[in-house]
Amino acid sequence: MTPDPHTEWVRSSVSHALAPPSLPAGASAADERRCRAMDVDDLPTPSLLVDLGSFEHNVRTMSGALPGSRLRPHVKAFKSTGLARRLADAGHQGFCCATAREVEGMAAADLGADLLLANEVLGPAASRLGAVVASGRARVTVAVDSRETLAAAAEGGVREVLIDVNVGLPRCGCEPEEAGRLADEARAKGLEVRGVMGYEGHLMREPTATKAAKVEAAMAVLLAAHADVGGDVVSAGGTGTYALNRWATEIQAGSYCLMDTEYVEHAPAFRPALFLWCTVISTSPRGYAVLDGGLKCLAMDHGDPSVAHGDCRVTPAHVDPTVAMHERLHVVDGDQLVDVWPIDLRGW
Ligand SMILES: Cc1ncc(COP(=O)(O)O)c(C=O)c1O
């Protein structure tokens, strides 16, 4: 991958800040600036910040509840191999992806021990997954919910699939009673069927009083399909149901890492860790201030961002699409910049 000049600049400044070299007499003002700790004020705005303490809290909390392969973190929520590596270091070696691009990027970063494309793919995307398999750099499994998607997987060169079952979210997934037949067809085409997937996304924001019973009912549908399909994987769940879903063999959560403000009431163990660092570019005697962060750097589909009075850190209501608008996550400890993680899994 071509080095990104901005990332290299931040990295070199951060490493100087952590281990400042002794400056020779007569060093220039520029050298001195590079030797003092770099902080958020040195960043161009708008820039995305990750609060290291909150991020580490989220990772610790989730890996305490779902250690190792009990969690298959979803990279679509942060789209960064730098962040994914922290999750691998915390013990999670398998990941979910949403796009062929994410699978390719994870494989190229040597994070491909067990990648699940937890979505349906057709056409060239299936061939791109096949090319990753052929490269030997990753184990790739893809979700299939129809004859067409399993034919695309087989023709594209993918060898392993999960049968995606609709457990109540009106999106992808075959009808539960069709799962066994699809598994037979997949095996007849030479594919290895590892098990089932059934994402209960419609229950992530369900009121607490009814959530547990509804998750159990959705997972009963998935387990019945699993009995027809076979294999040892039952993949389901997300940040809003991770603590309740005792039936899946692995949980596909991703938002918990950086956490949406809108999601916190449904998963209060996690803290918002992503902020947009802005500059106030104008103030009005009528009582408002204008920041340099707008629609092109903040997703608004889950509502308005939050801004603490007098602060230039804006907390987005929806993390996934906000991240996808940026190139880098700047990791901060207090006001000090300690790392930068390129958002290198963007694109298609
Ligand atoms: C297939 C699938 N699995 C898991 C998730 C988990 O997401 P989150 O951690 O955001 O709840 C999502 C989110 O949309 C998804 O689409």
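Start by selecting helix α4, residues 81-89: here T81, L83, A84, R86 and L87 are buried. Bear in mind as you click around that this is a predicted model. Now show what surrounds those side chains. The buried residues of α4 pack against two helices and three strands, namely α3 (52-65), α5, β2 (94-97), β14 (328-333) and β15 (336-342). Just past the helix, pick G91: this glycine follows α4 and has a positive phi, near 115°.

Zoom out for a moment and colour by secondary structure. You should be looking at 10 helices and 15 strands. The protein has 348 residues, and 46% of them are buried. If you draw contacts between residues with a separation of 6 or more, 63% of them join residues 24 or more positions apart.

**Stop two: α5 and α6**

You met α5 as one of the neighbours of α4's buried residues. Select α5 (residues 100-108) together with α6 (residues 124-135), and look at how their axes run: they come within 9 Å and cross at roughly 15°. The two helices are therefore roughly parallel to each other, and the crossing of α5 past α6 is left-handed. To see the contact itself, show A100, V103, E104 and A107 on the α5 side, then A125, R128, L129, V132 and S135 on the α6 side. Coloured by class, that contact comes out as 6 nonpolar residues, 1 polar and 2 charged.

**Stop three: α8 and α9**

Next, try another helix pair: α8 (residues 179-188) and α9 (residues 208-229). Their axes come within 8 Å and cross at roughly 35°, and this crossing is right-handed. Where do they meet? Light up A179, G180 and A183 in α8, and you will find A225, D228 and V229 of α9 against them. The contact of α8 with α9 holds 4 nonpolar residues, 1 polar and 1 charged.

**Stop four: Y199**

From α9, step back along the chain into the loop that links β6 (192-197) to α9, and select Y199. Is Y199 buried or exposed? Y199 is buried, because 30 other C-beta atoms lie within 10 Å. Leave out the neighbours within four places in sequence, and Y199 is in contact with L169, A236 and Q252. It is also worth drawing a C-alpha to C-alpha distance from Y199 to S235: these two sit 36 residues apart in sequence and 7.7 Å apart in space.

**Stop five: the ligand**

Keep Q252 selected, since this contact of Y199 turns up again here. Show the 15 residues around the ligand; those that come nearest are G238, T239, Q252, A253 and S255. What classes make up this shell? It divides into 7 nonpolar and 8 polar residues, with no charged ones.

**Last stop: T45**

Finish in the loop between α2 (29-35) and β1 (47-51), where you will find T45. This threonine is partly exposed, because the number of other C-beta atoms within 10 Å is 17. Setting aside residues up to four places away in sequence, T45 touches W277, C278, T279 and D292. For a final distance, pick the C-alpha atoms of T45 and G293: the pair is 248 residues apart in sequence, yet 7.8 Å apart in space.

Terms used
Residues are numbered from 1 along each chain as its sequence is written. This is a predicted model: local features need pLDDT of at least 70, side-chain atom pairs count only at pLDDT 80 or more; totals for chains, interfaces and linings use all residues. A residue is near a molecule or strand if its C-beta atom, placed from the backbone, lies within 6 Å of it. Ala, Val, Leu, Ile, Met, Phe, Trp, Tyr, Cys and Pro count as nonpolar, Asp, Glu, Lys and Arg as charged, and the others, Gly among them, as polar. Axes are lines fitted to C-alpha atoms, for helices over the stretch in contact, and angles run from 0 to 180 degrees between N-to-C directions. Helices (H or I, at least four residues) and strands (E, at least two) are DSSP runs, numbered from the N terminus. Angles under 35 degrees count as roughly parallel, over 145 as roughly antiparallel, 65 to 115 as roughly perpendicular and the rest as oblique. A crossing is left-handed if the near helix is turned anticlockwise from the far one by less than a right angle, and right-handed if clockwise. Two residues are in contact if their C-beta atoms, placed from the backbone, lie within 7 Å. A residue is buried if 20 or more other C-beta atoms lie within 10 Å of its own, exposed if 12 or fewer, and partly exposed in between; C-beta atoms are placed from the backbone.
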